[in-house]
Amino acid sequence: MSILKHREALLALAILLLVGVVAARFPAFVRPGNLANVFNDTSPLILLAIGQMIVILTKCIDLSMAATLALCGMVAALLNGAGVPLPLILVLVVVLGGLLGAVNGLLVWKLGIPSIVVTLGTMTIYRGTIFLITDGAWVNAHQMTDDFKALPRAVIAGLPVMSWVALAAIALFTVLLTRTPLGRSFYAVGGNPHAAVYTGISVGRTQFLAFVIAGALAGLTGYLWVARYAVAYVDIASGFELSVVAACVIGGVAIAGGAGSVIGTVMGALFLGVINNALPVVGISPFWQLAISGSAIVLAVAFNSAQNRPAGRIILKSVEPR
Amino acid sequence: MKPVLSLRGISKSFPGVKALQGVQLDLYPGQVTALIGENGAGKSTIVKVLTGIYQPEEGSIEIDGTPIRFASAQDASRAGVTAIHQETVLFDELSVAENIWLGHAPRTRFGLIDRRAMRTGATRLLASIGATLNPDLRLGDLGIASKHLVAIARALSTEARVVILDEPTAALSHKEIHELYDLVETLKRQGKAILFISHKFDEVFRIAERYTVFRDGQFVGEGAMSAVTEGELVQMMVGRSVDQIFPPRSHNIGPPVLTVAGYCHPTEFADIGFTLHRGEILGFYGLVGAGRSEVMQALCGITTPSKGAVRIDGEVRVIRSTHEAIAAGIVYVPEDRGRQGAIRGLPIFQNVTLPSLARTSRNGFLRLAEEFRLARDYTRRLDLRASSLDQELGLLSGGNQQKVVIAKWLATKPRVIILDEPTKGIDIGSKAAVHEFMAELAAEGLAVIMVSSEIPEVLGMSDRVIVMREGRIIDEVAGDRMTPETLVRAAAGIAEAA
Amino acid sequence: MTEAAKTVATGRAIPDRLQSRTTRALHSWETILLVVAVLVFVINSFASPYFLNAWNLSDATFNFTEKAMIAFAMAMLIIAGEIDLSVASIIALVSTAMGLAMQAGAGVPVLVGVGLATGLFCGAVNGLLVAGMGLPSIVVTIGTMSLFRGISYIVLGDKAFTGYPDGFDFFGQGYVWWVFSFELALFAVLALVFWTLLHRTNFGRAVYAIGNNATAAQFSGIRVARVRFTLFLLTGLTSGIAAICLTSRLGSTRPSIATGFELEVVTMVVLGGVSILGGSGTIPGVVLAALIMGMVTFGFGLLNVPGIVMSIFLGLLLIGVIAVPRLIRGR
Amino acid sequence: ENVKIALLVKALGIGFFEAAAKGAEEAATELGDVEIIYTGPTSTTAEGQIEVINALIAQGVDAIAISANDPDAVAPALKKAMDRGITVISWDSGVAPAGRQMHLNPSSSALIGNTIIKLAADHMPDGGDVAILSATSTSTNQNIWIEEATKVLPNYPGINLVATVYGDDLADKSYREAQGLMSTYPNLKAIIAPTTVGILAASQAVTDAGKIGEINVTGLGLPSEMAGAVESGATVSFAIWNPIDLGYSATMIAYNLHKGTATAAPGAAIPMGRMGSATLDDNNEAAMSDPFTYDKSNIAEFKSIF
Ligand SMILES: Nc1ncnc2c1ncn2[C@@H]1O[C@H](COP(=O)(O)OP(=O)(O)OP(=O)(O)O)[C@@H](O)[C@H]1O
Ligand SMILES: Nc1ncnc2c1ncn2[C@@H]1O[C@H](COP(=O)(O)OP(=O)(O)OP(=O)(O)O)[C@@H](O)[C@H]1O
Ligand SMILES: [Mg+2]
Ligand SMILES: [Mg+2]
């Protein structure tokens, strides 16, 4: 635990440093309004990264999250077009997202197909489904009702609802992961699947639940995304799955499962969010963005593994020559 | 007396193996029942059936005379059956308290985990078995013995009526083994029914009231411990009598082959020096964790020593990889067969030839005919039982896997062979075979190092014994000094009796 | 099996093989793939009148040749228990490097040299991070995936390299004989090379051993880190070769070149029966998977079915070919 | 035997191209013996378009009219198509001369470049900062327009172009880029987006930032998609040519070239049905018509058409 805390503190420091460097040249960047903006902008990444983290905890990976987001977002837009009331849409996208996650989970659980293969397949299937139900047509701002578009940007106590959703998810999942049997079983299943069976935890079922949670989060984010950017089409958030994995990795989630925390993941996402938002401000060409986040990932991995290296037994310290 | 738990006609098979065929087992309150059988007899399998991890194809489980089904480990735990399994089954990333309570943690009013209750409960349980561990520590930061204590505390946390111990002493030191015996006594007094699995007859006779014997997945017999002798038990286990455990040795010792001097490692060992001769068996004794394996692994290029010299036939050799070690004629048969020795997914013949590929191939290209020839030679020599040489190694029984692993090292035609705990967890029958084989190797002029934690084995097999403690050589024992007493004192760091 | 074991116990000699090689081949994954491939071929011939035409089939091979070249090396890497998600980005970086060389006035041989060297260099970076520092390959290569392509964005930004010298177009557009393109010939040659490497050499055996149990392989004297490093070099090299072909075929370089190739390559490898968990798989399987994927996309293309519908089909195929046998076996 | 003309677009599903496809069908009906194959990749990549081109060649279509994702990368594949006797023209977003017989610009590039600057300048009497939000960095047509716009910039004193960013024709990326522009340049007065995806996203971003009236979003957009922005005031005016006309004209040209009723050579005039005729310049390029400006006064009339 102490190593984990240590790592998160360092990551927080790195983010502060980054913000500080930017602020040194552009003080406007650290205006609370702008920082809130950065957070709001990073909210979808945070939401997805939390879901992905839970999946990774159980020794799986979900490459279909972005596709789930896109499909649920499109369905939300279509339901809106069909006159379905907003609260019902919200429920439906979360359920749909959960169902799509459940498909992944069932294939992993019941057929024992490795998650990377399953989600590689469902990733294209889910995205293709959007094309099948829309024929590729876009849903544009003028085809959406105002209240549909307004929800994520409605400001409550100084922050848009989108940010509040992310904050709520952070709180909810911190409690879930640290204080409920289900949460601890995610760690157990990933940390030592063999032992989990002996403890009466079903590895497959737990992995299934992780996929359902990830799917439901992606579904909710799908609505938020579509409503915020006021557009839905086949390709939204394409490639986002890799940013999500990157956020987890930078946040110290062990890709082998069993280790990681919500707060670390959130900071991993914020780290990427700050970079994305700061680059244009600092005047660095956006073409640098990819290389910078790539380097950050490699450094984070190297750093995490250096921290996790067993220190050795140091048995010799008690054997001083007499 | 009525049994608390009884099994009738239990069968369980795995692809290719009938692990259990209609076996029976009874456990009585306040009594220890010893389950005895060779490797692969099905002991661990019945434990897994009892704890709901495997579901048997046939048979019934009764608790207090009522039939019951265990669909999962949780069912069994609710019914009052708990086990300390043969393999450690804990979670490095979770805290001590969480490891103890995972799956049945105390809850607060809101249904959340009650961390305070968990912590105090853990402290209480640990105290009851004489351990003082901080329940907030990450389990991964603990040593092996402490982990074992946590496993025991976990088993006690469920208020079980039936406690199963599957080879609990295999990983423990002398002192800890005795603490465990005390604990078993306490549990007995509390009226719990105990199933105790062990290959060590002395401890079985010491703590058990009853015995049950399995052979090849079948029930052979049961009865009171007081009404049976060691010889009869062995007879039941193997279906024949095993009279002599250690083979006669021709102590025909030749010139030095391997000389080690001033060997050090930054964290694991220091100042190791010894000489090994042709035709000699050199024993390495020490408690678990003494650093013997690390020394051997350094000699074979798996870990890197910080300084020191290794000479083979008087010539200084620097060994930085296992590849170079094999070229120099040193091979290491590792203690952890499943992880370090056997490649279960590959066919038997490929396992055998893996370290010898340089010999069986031409210019880097494989020659299957050569490989089969080599594999045939060595598997025959070790009397391997398998249906074909291209069978996957993982489909063989543990003892046969071990034979393939040994064959693979012999096939490299080494000059020095290091066997690390060659008989750990092996039944008496196979043990004798391995011992005989070691004696043969030495007689053929091979230099043998045997790392072992079993005193009778060390004394019975070795020409000389080196004792290690905390990463250093404490003593070298030969001739008249080769007594159990000397070894135990040296290993435990107790001064020679005045 | 118990029975077999008993009879053997008396005879002692253990037979080399129980099943003949043909029996074994008939029960293999490759046979399933072959059946699927033939089915796809037959269905396509009926579905479109344009399918059975030598030139059309030859054009269709361009849909998979470049990806398949990488897939051979990727298959070995995955069998050894690692993965390289940066291959498409290596293509971008290699293509950019060749563009820079071209601007500096390099001729065709130099361009090819630069391409291969850059590919090897990228492979070495991955190899160093994974084999040298012991980092998990999946995250390392997600990182270098951004890094390599990122460098190419930094160099090129919104520009493109065009105007590759005459003769350079041969690699992606030239024909060796009749309808057989240079790319197709190279694909065949590489298939043979990698088949030999994986199935007929000590190196290939080491790859399987590492994928099954790396610790035991190390204890058996296999230089695990060196093998892993070499495998990353190979994916780097084949990505470099693919980059030369693709750049030549497109006649230009953009930083967005080959976007999304990595997942198609992995799909091809997995469809080819390589276990994503490492330890098993064959090159013929990958060749068949490449043919299937190429024919499916081409067949759908002839019917003017949008690409995304093809990818649904491939996604279903990917899950289906793995799920169906498991379902039949009752898992 | 029908003439098979493939209308190959950057990606399926984009409103602009859907409208162009309508125009192509209109031309087909008018000509009577034409079959339109409306096709394209699902994302805007050159590799995707090449696979489609290969499939079109294999089907033996008579003509391909392409709006290219990359002018250079698709050229070899299109050259192969021409070698096999297929008529190839590009429209909207062009192809390098080696890969097509002629290119139909929706309007003259110079005119478009001037128009997008003028639309911004008209509502900035005191001058100020403007920024451009384009499509992908490789989009041929956008790059040319931006180049032309930069050329005429000196004619608009006081107008200061501070940045050009790329939203890749992705709504979310364009939105974020627009946000970035607003936070980086606090004095920004206008965002010019010469792409229908970008202008829509930028007007949404400006609306969300509460900067309607402060920042004017303009550029090229579709009336149906922009109606809301014009009503809210985020966009005062924008321009576009009629995509239906564009699809119609491209089809007509492809048909005429295929039938041999016209040849693609500098100076030639190729008939485009109701749109008159296209006169080729030295690069074998032609312009269809002038862009048309939409604002509050006429948007209602056009938003139901395209
Ligand atoms: N998961 C499994 N898959 C296949 N075979 C198995 C499995 N588990 C056990 N077996 C086989 O079942 C038989 C009984 O094994 P079991 O582990 O119960 O033996 P054991 O008596 O506990 O032996 P040991 O003394 O070595 O612990 C062996 O032949 C073993 O190879
Ligand atoms: N203090 C400790 N902390 C953590 N792990 C330990 C400690 N002591 C021993 N171990 C572990 O216990 C195992 C046995 O240790 P080691 O191999 O050094 O002892 P050995 O004398 O060779 O014992 P063995 O007889 O089991 O071979 C090793 O895997 C080691 O990692
Ligand atoms: Mg056992
Ligand atoms: Mg050891």
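Here is a short chat about how some labels are earned in this predicted model.

Me: Why is C:Arg249 called buried?
Reply: The cut-off for buried is under 20% relative accessible area. C:Arg249 comes out at 13%, so it counts as buried.

Me: And what makes C:Glu66 buried or exposed?
Reply: C:Glu66 has a relative accessibility of 2%, so it counts as buried.

Me: How do you know that C:Arg249 forms a salt bridge with C:Glu66?
Reply: The rule asks for a Lys or Arg side-chain nitrogen within 4 Å of a carboxyl oxygen of Asp or Glu. Here the closest N and O atoms are 2.8 Å apart, so the pair passes. The two residues sit in distant parts of the chain: C:Arg249 is in helix H13 (residues 224-250) of chain C and C:Glu66 in helix H5 (residues 65-79) of chain C, 183 residues apart.

Me: What makes B:Arg381 and B:Glu444 a salt bridge?
Reply: Their side chains come to 3.1 Å, N to O, and the limit is 4 Å, so this pair counts too. B:Arg381 belongs to helix H14 (residues 368-381) of chain B, while B:Glu444 is in the loop between helix H16 (428-443) and strand E18 (447-451) of chain B, so the bridge ties together parts 63 residues apart in sequence.

Me: Why is B:Arg381 called partly exposed?
Reply: Partly exposed is what falls between the buried cut-off, under 20%, and the exposed one, over 50%. B:Arg381 is at 37%, so partly exposed is the label.

Me: Which salt bridge does A:Arg184 form?
Reply: A:Arg184 pairs with B:Glu98, and their closest N and O atoms are 2.7 Å apart. That one crosses between chains, going from helix H8 (residues 181-191) of chain A to helix H3 (residues 96-101) of chain B. A:Arg184 and B:Glu98 are both buried.

Me: How many salt bridges does the structure hold over all chains?
Reply: There are 44 over all chains. Some link up: B:Glu185, B:Lys188 and B:Glu209 are joined in a network of salt bridges.

Me: What makes C:Val42 fit for a nonpolar surface patch?
Reply: Patch residues need over 30% relative accessible area. C:Val42, at 38%, is partly exposed, so it clears that bar. It's in helix H3 (residues 29-47) of chain C, and its partners in the patch of about 600 Å² are C:Leu34, C:Val38, C:Phe41, C:Phe46 and C:Leu52.

Me: What makes helix H6 of chain D mostly covered?
Reply: Of its 14 residues, 11 are buried, among them D:Tyr175, D:Leu181 and D:Met182. The helix (residues 171-184) reaches 20 Å from its first C-alpha to its last, close to the 20 Å expected at 1.5 Å a residue.

Me: Which chains have the most contacts?
Reply: Among the five pairs of chains that touch, chains B and C have the most contacts. Chain B gives 45 residues to the contact and chain C gives 33. About 3400 Å² is buried between them, with carbon and sulfur atoms giving 56%. On the chain B side, B:Leu366, B:Ser387 and B:Asp390 lose the most area to chain C, together 16% of what that side buries.

Me: How many salt bridges cross the interface of chain B and chain C?
Reply: The rule finds two. B:Glu371 forms a salt bridge with C:Arg205, with 2.7 Å between the closest N and O atoms.

Me: How do you know that chain B and chain D do not touch?
Reply: Contact calls for heavy atoms within 4.5 Å. Chains B and D do not touch, and their nearest C-alpha atoms are 39 Å apart.

How values were computed: Residues are numbered from 1 along each chain as its sequence is written. Chains are lettered from A and ligands numbered from 1 in the order in which they are written. This is a predicted model: local features need pLDDT of at least 70, side-chain atom pairs count only at pLDDT 80 or more; totals for chains, interfaces and linings use all residues. Side-chain values use heavy atoms; hydrogens and water are left out. Patches are made of residues with over 30% relative accessible area and no salt bridge: like charges are joined within 9 Å, nonpolar side chains (Val, Leu, Ile, Met, Phe, Trp, Tyr) within 5 Å. Accessible areas come from the Shrake-Rupley method with a 1.4 Å probe; for residues, only the protein chains shown count as cover. Helices (H or I, at least four residues) and strands (E, at least two) are DSSP runs, numbered from the N terminus. Buried means under 20% relative accessible area, exposed over 50%, partly exposed in between (1.4 Å probe, protein chains only). The expected span of a helix is 1.5 Å times one less than its number of residues. Buried area is the accessible area (1.4 Å probe) that two parts lose on being put together, summed over both.
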